[in-house]
2 protein chains.
Amino acid sequence: MEIDSPASHEKASLFSRVRWWFEALPKRLTAEVIETASNTKRLAQDDPRRVTHSIKVGLALSLVSLFYYYQPLYDNFGVSAMWAVMTVVVVFEFSVGATLGKGLNRALATLLAGALGLGAHHLANLSGHIGEPILLGLFVFIQAATSTFVRFFPKIKARYDYGLLIFILTFSLISVSGFRDAEILELAHKRLSTVLIGGSSCVIISILVRPVWAGEDLHNLIALNMEKIANFLEHPSVIEYFKTSENGNSNDDKSFLQGYKSVLNSKSNEESLANFARWEPCHGQFHFRHPWKQYLTIGIRTRECAYRIDALSGHLNSDIQAKPEICSKIQEACTTMSLESSKCLRELACGVRAMTHPSSAKHISKAKIEARKLKLLLKSSLWEQDADLLAVIPSVTVASLLIDIVNCTEKIADSVLELASLAHFKSVDPTVSPEKSQVGQDEPDKPLTVIACPQVVIIVDGSENDNPPGPSTNRHLEM
Amino acid sequence: MEIDSPASHEKASLFSRVRWWFEALPKRLTAEVIETASNTKRLAQDDPRRVTHSIKVGLALSLVSLFYYYQPLYDNFGVSAMWAVMTVVVVFEFSVGATLGKGLNRALATLLAGALGLGAHHLANLSGHIGEPILLGLFVFIQAATSTFVRFFPKIKARYDYGLLIFILTFSLISVSGFRDAEILELAHKRLSTVLIGGSSCVIISILVRPVWAGEDLHNLIALNMEKIANFLEHPSVIEYFKTSENGNSNDDKSFLQGYKSVLNSKSNEESLANFARWEPCHGQFHFRHPWKQYLTIGIRTRECAYRIDALSGHLNSDIQAKPEICSKIQEACTTMSLESSKCLRELACGVRAMTHPSSAKHISKAKIEARKLKLLLKSSLWEQDADLLAVIPSVTVASLLIDIVNCTEKIADSVLELASLAHFKSVDPTVSPEKSQVGQDEPDKPLTVIACPQVVIIVDGSENDNPPGPSTNRHLEM
């Protein structure tokens, strides 16, 4: 590089940066296009409802456009058509709940702001030719500032944010337009009826054509998150942690254990789904006042469990190896705790999916008995010959995390049972399920879930499905 | 309760439910109003920029309304005024970055969709009187379905979601309206210029009147999160965990330790701030291509540390008491590890806030030396008289979590150093800071932060500020 004065150097660097940007642009765009093309298929395959949703939006929009196109209902074409088209574009959301929420917000806000705008316009009219614009400006200012501030309230933001936006918009439009337009009532009437046409066509298409219910999504997400944690706990490489210390490390398996990671960050997703679900009418197995809030409680507790799983995962992947002699001593208790917690979570997930009272109590009590046994074992003098605490730490930490996880699982079970009673889940004959699992144990190759939960549809990352619990774990399944 | 036929019972329950809803409505509304009133003050005090923002929106809206009101620039009043007002309502966001992003999205999408809409209109015109509406409907359908699907791409959703929405809207409006309106070019021109007027007034007011920069918020949030974890680690009740086991439990203190909880769920907030920040021009100490992505890396690592803190917090609050003899043996190493990690995080946070190269290396190395010492201590035969492992578990788990936290801190330090080199942070004379801390140690009452970081503005929950490290910790501060 040449040595220049700082100013010219800076200039050159700016020029070269601009040139670099323009030179890199086509390359970047091409890369983006290629990436997009390869991602499109995956995106559509991951959730085919995305394709359906896109088609639904296109359908609604063409319908509203063409409906208007053939029947000019209002004299002023531009303004009115616009509102219907605009409503469809803005209101049509992925789930029925979100669409209904936005549609109702928009309709009510338009109605309310229209009425208030008319009032403001009337009041401004009374104050003479000079006072009118000042008063109108003042009204718009006060209304916009107040509504904007109200949007900061978390509860209002969650449910009525869009309504407030439309309130500000409609009020300003009505009060300002009204000043020059004598037929202010007609404007308000036009706006409201076109919003209703657009909104109702969105809601109708969204409900009739392959509806996506936010409530159902939330319901499945909560069950799926419990299953992800259950998958981790029953995964061979977790179960065999105490054995692999003897047999050498099976690191290739450990990359499969990332399924639970998505549980850690599911909070905002769960909250928005719960907000949408509250707008939804009764559908499928869910009535209108379904206890959606309880799902959030389960979600919080599942996440607490996932934090422990994250810590556990860190220990399983660490370089520090547990001592084989110690492992072999606590192996049975730890394996049982892990498997019973996993089975309990799976039963709970099954219960939530099938909307039946889950029969998780026996797994919890088994896990708790094992936890107590483990504590007794650790208390016994078995350890005297092993004074090297450093070698004991990894196994003991893992054991203590497993005890934590058993406690978390119990809390999750409590909140699921609360949900079951709040939402009046069906009770099933408790003798059926154990018999079924008895049958399952004769066929060690079949994964547990197929047996224990007849209605289960497990959506797990493919890798987890490829790893049914190995024969070594079957002894514990009998417990 | 009377025994009725199921149908009439259901009816009665529906009626009573509806009646209950209407009866509860005024009570609910009143409660909401009272709660809102009491919350308003807190909301405004928590972040006074909310009030400023509300006033700014009111100002922009009245300006655009009145500006139009006095100078009817276009013949068709209704349509054009509406676009300017609408743009202000929809585009004006809390931070400059969000406003700029939405404004640019809106302007570019309007331009592009306007051009394509014109093209579609021209193409449809060529196909005769019967083909025209069919072709237009098809165009609208294809365009809406494609754009809606594209909105599902995560990267596009994060940055261009609003632009795509406006693209669908404008394209539909132009192509449908254009059919009856001969002056389609005028419509497109009007729409674009009013959008530009509305958008630019938003951007100008948002930048000139007390700007809120998303980048600055992200910068402070990242530093604040590190400080929250540092606060936890240097909190007396954590430091004295190994002591309180001797002196009895100080449970009243432990409710103060919740500050770190917000770190666990800060992911979505950080990501949206980073997305907004990328739209912002250079401001304050940040240039245009500031490495905002690196902040997300730091955020991820800070959250990993917070998960460990969460597990640690669970152990500190558990009923199982650590054995005093064991505690006293590992106390010094654990306290030092905790304090040095805390000091390191605080140095990093200070470095980020002041945009200087942080001098955290010595704290990290001290913490790592202590971790190694602790391991040696645990390996030694000190423990032979203590065969009761159950009594050892709590302390050993806490110790092992602290070792984990030291590792996490090192990772955070690495990513902050990477940020410092990417963003060309100023280097400070490394001899200054230690001297200053030397001075600080003579005054044990002053909190650490004031000494170590001249530019620090710590926004912590009041409770943390009330608890400067007690005299018992000062011995470790000298290290």
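Chain A of this predicted model has 20 helices and 0 strands. Of its 479 residues, 53% are buried. Take the contacts in chain A with a separation of 6 or more: 82% of them join residues 24 or more positions apart.

Start the helix packing with α4(A) and α5(A). Helix α4 of chain A covers residues 96–126, and helix α5 of chain A covers residues 128–150. The two pack at an angle of about 150°, with their axes 7 Å apart. Angles over 145 degrees count as roughly antiparallel, so this pair falls in that class. The crossing of α4(A) past α5(A) is right-handed. On the α4(A) side, the contact uses Ala120(A), His121(A), Leu123(A), Ala124(A), Asn125(A) and Leu126(A). On the α5(A) side, the residues are Gly128(A), Glu132(A), Leu135(A), Leu136(A) and Phe139(A). By class, that contact has 7 nonpolar, 3 polar and 1 charged residues.

Stay on α4(A) for one glycine. Gly117(A) sits in this helix. What is the relative accessible area of Gly117(A)? The value is 0%, so Gly117(A) is buried. Leaving aside residues up to four places away in sequence, Gly117(A) touches Phe171(A), Ile174(A) and Ser175(A). Leu25(A) is 92 residues from Gly117(A) along the chain, and their C-alpha atoms are separated by 48 Å.

Now move to helix α13 of chain A, residues 292–316. One partner is helix α8 of chain A, residues 214–234. Their axes lie 10 Å apart, and the packing angle is about 25°. That angle makes α8(A) roughly parallel to α13(A). The crossing of α8(A) past α13(A) is left-handed. From α8(A), the contact draws on residues including Gly215(A), Leu218(A), Ile222(A), Met226(A), Ile229(A) and Phe232(A). From α13(A), the contributors include Trp292(A), Tyr295(A), Gly299(A), Thr302(A), Ala306(A) and Ile309(A). The class count for this contact is 14 nonpolar, 6 polar and no charged residues.

Another partner of α13(A) is helix α12 of chain A, residues 267–277. Here the axes come within 9 Å and cross at roughly 170°. The two helices are therefore roughly antiparallel. Lys267(A), Glu270(A), Glu271(A), Ala274(A) and Ala277(A) make the contact from α12(A). Trp292(A), Leu296(A), Gly299(A) and Arg303(A) meet them from α13(A). This contact divides into 4 nonpolar, 1 polar and 4 charged residues. Trp292(A) and Gly299(A) take part in the α12(A) contact, and they also appear in the α8(A) contact.

Next come the aromatic rings. Over all chains, there are 19 aromatic pairs. One of them is formed by Tyr307(A) and Tyr307(B). The pair is stacked, at 4.9 Å centre to centre and with 25° between the planes. It crosses between chains, from helix α13 of chain A to helix α13 of chain B. Are these two tyrosines buried or exposed? Both Tyr307(A) and Tyr307(B) are buried.

A further stacked pair joins Phe167(B) and Phe171(B). Their ring centres are 6.4 Å apart, and the planes differ by 25°. Both residues lie in helix α6 of chain B, residues 154–180. They are 4 residues apart, about one turn of the helix. Phe167(B) is buried, at 11% relative accessible area. Phe171(B) is buried as well, at 6%. Phenylalanines from both chains also meet: Phe94(A), Phe149(B), Phe152(B) and Phe153(B) form one aromatic cluster.

Finish with the backbone of chain B. Most residues other than glycine have a negative phi. Arg210(B) has a positive phi, near 40°. Where does Arg210(B) lie? It is in the loop between α7 (184–208) and α8 (214–234) of chain B. With a relative accessible area of 65%, Arg210(B) is exposed.

Met355(B) also has a positive phi, near 55°. This residue lies in the loop between α14 (324–354) and α15 (361–379) of chain B. Its relative accessibility is 5%, so Met355(B) counts as buried. Of these two loop residues, Arg210(B) is exposed, whereas Met355(B) is buried.

Technical notes: Residues are numbered from 1 along each chain as its sequence is written. Chains are lettered from A and ligands numbered from 1 in the order in which they are written. This is a predicted model: local features need pLDDT of at least 70, side-chain atom pairs count only at pLDDT 80 or more; totals for chains, interfaces and linings use all residues. Side-chain values use heavy atoms; hydrogens and water are left out. Axes are lines fitted to C-alpha atoms, for helices over the stretch in contact, and angles run from 0 to 180 degrees between N-to-C directions. Angles under 35 degrees count as roughly parallel, over 145 as roughly antiparallel, 65 to 115 as roughly perpendicular and the rest as oblique. A crossing is left-handed if the near helix is turned anticlockwise from the far one by less than a right angle, and right-handed if clockwise. Contact means heavy atoms within 4.5 Å. Ala, Val, Leu, Ile, Met, Phe, Trp, Tyr, Cys and Pro count as nonpolar, Asp, Glu, Lys and Arg as charged, and the others, Gly among them, as polar. Rings of Phe, Tyr and Trp (its six-membered ring) pair if their centres lie within 6.5 Å; planes under 30 degrees apart count as stacked, over 60 as edge-to-face and the rest as tilted. Buried means under 20% relative accessible area, exposed over 50%, partly exposed in between (1.4 Å probe, protein chains only).
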